[in-house]
Amino acid sequence: MRHSSNRTWFHVVLGLFFLALMLFPVYWMVNASLQPGVATVDLSWFPVRPSLDGYRSAFASQGANLVTSLVVAVGATVLSLVISTPAAYALSLYRVRGSALVMFALLISQMIPGIVIANALYSAYNDLGILNTTLGLILADSALGVPFSILIIQAFMRAIPMSVLEAARVDGAGRFRTFFSIVLPLSTNAVITAALFSFLFAWSDFLFALALNSNSAARPVTLGIYQFIGGYVADWGSVMVTATMASLPAAVLLVVAQKYVAAGATGGAVKA
């Protein structure tokens, strides 16, 4: 028992060490954001005299960019779910001709480099006249979110017992009624998981924002951080403040939704 207890403490200490190692960049980012105007080489390990002046100035200059990022992320998430949820329903619970080929194409699409998609979208957006627009960024981010969301939701829906669907058919429910009243509620955890990843994809997007936006008309916060860095001068204080502000929504969302990500989608379905 003593040997087992020593091993447990060793694993705990080792886990805390690696956790502190991984979270140190986050701590240093917050620490630097509370010491505005101080060079990176002169930063102290702890903000003895923390100041929020950097947050005030960053919010004044990056507030519009944060709103743009929020609109793009929410719009891309909603559009991804509207397309991917019924698509996953059809591919997982009904015999659709060529469904295996569709799933294979979705997997292949995840391997295409983002820069290739961005170059193709630039030409198409130029012809459609939606360069430098929020709508263009929403559509571009959805191009990444839809295939990934279909793969996640489809994997969860395939685990739904067919007895549940057969019971719905006996009660006279059609395919749409079965989808909205039975399949979708059972797949809540999968839908939330897909929504979380779609939001994070769009919120942290930099490549599409840089390639499809050449002015401040629809500049997300990722480009707002990029504008602080020049060829010879880098305002790291402003970078850290803006990065901290941009990390808060994603961190809060991850904490709130983590139980849905880990939970199963069909718990208690047969008993219901």
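## Contacts of Ala246

Contact here means heavy atoms within 4.5 Å. Leaving aside neighbours within four places in sequence, Ala246 is in contact with Leu66, Trp203 and Val221. The model that gives these contacts is predicted.

Ala246 belongs to helix 11, which covers residues 236-262. Its relative accessibility is 11%, and buried means under 20%, so Ala246 counts as buried. One of its contacts, Leu66, is 180 residues away in sequence. The C-alpha atoms of Ala246 and Leu66 are nevertheless 7.3 Å apart in space.

## The chain as a whole

The chain holds 11 helices and 0 strands. Its pattern along the sequence is accordingly α-α-α-α-α-α-α-α-α-α-α. Of the 272 residues in the chain, 39% are buried.

Contacts between residues at least 6 apart in sequence include many long-range pairs: 72% of them join residues at least 24 apart. The exposed area of the chain is about 16,100 Å². Carbon and sulfur atoms supply 69% of that area.

## Helix 3 and its two sides

Helix 3 runs over residues 99-109, and Ser99, Met103 and Leu106 are buried in it. Viewed down the axis of helix 3, the buried residues fall within an arc of 55°, so they line one face of the helix. An α-helix has 3.6 residues a turn, so residues three or four places apart point the same way. On the other side of helix 3, Ala100, Leu101 and Phe104 are exposed.

What do the buried residues of helix 3 pack against? They pack against helix 2 (53-93) and helix 5 (134-157).

## Helix 3 against helix 5

Two packed helices are described by the angle between their axes and the distance between the axes. For helix 3 and helix 5, the angle is about 130° and the axes are 9 Å apart. That angle makes helix 3 oblique to helix 5. The crossing of this pair, helix 3 and helix 5, is left-handed.

On the helix 3 side, the residues that take part are Met103, Leu106, Leu107 and Ser109. They meet Pro147, Ile150, Leu151 and Gln154 in helix 5. Met103 and Leu106 are also among the buried residues of helix 3.

## Helix 4 against helix 5

Helix 5 also has a contact with helix 4, which spans residues 114-128. The axes of helix 4 and helix 5 come within 12 Å and cross at roughly 145°. Helix 4 passes helix 5 in a right-handed crossing. Ile117, Leu121 and Tyr125 of helix 4 make the contact with Gly136, Leu139, Ala140 and Leu144 of helix 5.

## Helix 6 and helix 7

In helix 6 (residues 162-170), the buried residues include Val164, Leu165 and Ala168. Seen down the helix 6 axis, the buried residues fall within an arc of 95°, so they line one face of the helix. The cover over the buried residues of helix 6 includes helix 2 and helix 7 (175-186). After helix 6 comes Gly172, with a positive phi near 95°.

How do the axes of helix 6 and helix 7 cross, and within what distance do they come? The axes cross at roughly 160° and come within 11 Å. That makes helix 6 roughly antiparallel to helix 7. The crossing of helix 6 and helix 7 is right-handed. Val164, Leu165 and Ala168 of helix 6 form the contact with Thr178, Ile182, Val183 and Leu186 of helix 7.

## Two further buried positions

Thr85 lies in helix 2. With a relative accessible area of 6%, Thr85 is buried. Not counting residues up to four places away in sequence, Thr85 touches Ser80, Ile153, Met157, Phe179 and Leu184.

Ile152 is found in helix 5. Is Ile152 buried or exposed? Its relative accessible area is 14%, so Ile152 is buried. Residues that Ile152 touches, not counting those up to four places away in sequence, are Ala190, Thr193 and Phe197. Ile152 and Ala194 are 42 residues apart along the chain, and their C-alpha atoms are separated by 6.5 Å.

Conventions
Residues numbered from 1 in each chain as written. Predicted model: local features only at pLDDT ≥ 70, side-chain atom pairs only at ≥ 80, totals over all residues. Heavy atoms only, no water. Buried < 20%, exposed > 50% of the residue type's maximum accessible area, 1.4 Å probe, protein only. Helix = DSSP H or I, 4+ residues; strand = E, 2+ residues; numbered from the N terminus. Arc of directions from axis to C-beta. Areas by Shrake-Rupley, 256 points an atom, 1.4 Å probe, with all protein chains shown as cover. Axes fitted to C-alpha atoms, helices over the stretch in contact; angles between N-to-C directions. Parallel < 35°, antiparallel > 145°, perpendicular 65-115°, else oblique. Left-handed = near helix turned anticlockwise from the far one by under 90°.
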